[in-house]
Amino acid sequence: MSGKAFFIDTTVCIGCRGCQVACKQWNQLPATKTENWGNYQNPKDLSYYTYKVVRFQEHIGPDSKPVWYFFPDQCRHCLEPACKEAADEVVRGGIVIDDQTGAVLYTDKLKKVNAEDITESCPFNIPKAQKGTGRLAKCTMCVDRVHHGLLPACVKTCPTGAMNFGDREKMVALAKKRLREVKSKHPNAVVTGLDDLRVFYLLVDKPEKYYRFASVDIAPRGMDRKMALRKIGKSLKELSKESKIVRRMVG
Ligand code: SF4
Ligand code: SF4
Ligand code: SF4
């Protein structure tokens with residue numbers, strides 16, 4: 001498997017939000033109104049104008065002292081993206097996979113698809129619609145930079161090495177190496193997404209303690225009813241086409 005990937009090492013993330021600001025700057029996204037919602041994290045969620053948000057969670061550590069868990073959230077650029085599957089049912093080319101990097105990219109053709117069908121299809125709750133127009137947006141993997149040999153803006157800006165980016169195989173190896181290194185201090189540490197995503201997180205505790213959608217089982221057994229029905233419908237359509245072709249061949 002080729003293409004690119006991110007390895008996000010949350011053990012060295014300090015929650016500075018440099019990545020979040022860099023994403024806004026490179027993509028020329030306007031600021032959004034924030035509010036005090038009882039958490040240092042701001043804004044509260046991703047939006048049409050925010051492709052990356054550093055999520056903050058405060059817990060009590062094993063030594064009874066408070067600890068912060070930071071989770072830089074963004075599109076996982078799934079190897080088999082459910083959002084693309086949903087879009088393909090309405091219009092081919094609404095969501096495409098970039099040959100060079102494997103980035104999952106939204107195109108203008110996506111206007112023809114009901115935004116809710118796409119937002120609901122994503123297991124990580126990533127794509128967001130623009131109020132009024134229903135247009136959708138999310139992280140682009142900064143393919144406009146990567147195609148010119150540059151790092152994604154969020155990776156370039158990260159001061160601690162929490163954000164890493166490169167060939168997928170190299171990122172897998174780096175993630176596994178870091179996992180081995182932190183295991184003695186953090187026996188519950190895990191790396192998420194190695195099998196099916198292009199964004200891997202090193203977490204030292206249960207993923208749900210970082211964020212509800214930090215890690216989601218996207219294997220078939222984790223499929224919800226809507227996804228299952230959609231898949232069945234697609235297969236039935238294909239079977240019907242195949243049956244017509246076979247009948248023509250034998251007729
Ligand atoms: S994380 Fe969601 S929006 Fe991103 S590629 Fe996967 S399904 Fe699509
Ligand atoms: S890769 Fe680019 S678009 Fe995606 S989160 Fe990083 S800066 Fe934003
Ligand atoms: S720039 Fe790096 S250290 Fe700062 S919040 Fe983002 S990932 Fe964490």
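This report walks through the fold, the core and the two ligand shells of the structure above.

The model is predicted, so local features need pLDDT of at least 70 and side-chain atom pairs count only at pLDDT 80 or more, while totals for chains, interfaces and linings use all residues. Residues are numbered from 1 along each chain as its sequence is written, and chains are lettered from A and ligands numbered from 1 in the order in which they are written.

Let's start with the overall picture. The protein chain has 7 helices and 10 strands; these are DSSP runs numbered from the N terminus, with helices being H or I of at least four residues and strands E of at least two. Of its 251 residues, 35% are buried, where buried takes 20 or more other C-beta atoms within 10 Å of a residue's own, exposed takes 12 or fewer, and partly exposed is in between, with C-beta atoms placed from the backbone. Among contacts with a separation of 6 or more, 58% are between residues 24 or more positions apart; a contact here puts two C-beta atoms, placed from the backbone, within 7 Å.

On to the strands. An open, mixed sheet of 4 strands runs in the order β8-β1-β10-β9. Each of β8 and β9 has a single partner strand, so one side of each edge strand has no neighbour in the sheet. Strands pair if DSSP finds at least two bridges between them. Inside this sheet, β1 (4-9) and β8 are antiparallel and joined by 5 bridges, with A5 partnered by G166 in β8. Elsewhere, β2 and β3 are also antiparallel, with 8 bridges, and I60 has P66 of β3 as its bridge partner. These two make a hairpin with 5 residues between them, and S64 in the turn has a positive phi of about 70°.

The largest nonpolar core holds 57 residues, and F6, I8, C83, C154, M163 and F200 touch the most other members. Such a core is a set of buried Ala, Val, Leu, Ile, Met, Phe, Trp, Tyr and Cys residues joined through C-beta atoms within 7 Å. Strand β10 (199-203) gives the largest share, 5 residues.

Now the ligands. A residue is near a molecule if its C-beta atom, placed from the backbone, lies within 6 Å of it. In the split below, Ala, Val, Leu, Ile, Met, Phe, Trp, Tyr, Cys and Pro count as nonpolar, Asp, Glu, Lys and Arg as charged, and the others, Gly among them, as polar.

| Shell | Nearest residues | Split |
|---|---|---|
| ligand 1, 13 residues | C75, C78, P81, C83, C122 | 10 nonpolar, 1 polar, 2 charged |
| ligand 2, 14 residues | C23, C139, C142, P152, C154 | 10 nonpolar, 3 polar, 1 charged |

C83 turns up in both the core and the shell of ligand 1. Beyond its neighbours within four places in sequence, C83 contacts I95, V104, I118, S121, C122 and P127.

For ligand 2, α1 supplies the largest share of the shell, 3 residues. In α1, G18, C19, Q20, A22 and C23 are buried, and their cover includes β2, β3, α5 and β8. Just after α1, Q28 has a positive phi of about 50°.

One last residue: R198, in the loop between β9 and β10, counts as buried because it has 24 C-beta neighbours inside 10 Å. Its contacts, leaving aside neighbours within four places in sequence, include F6, R76, H77 and R168.
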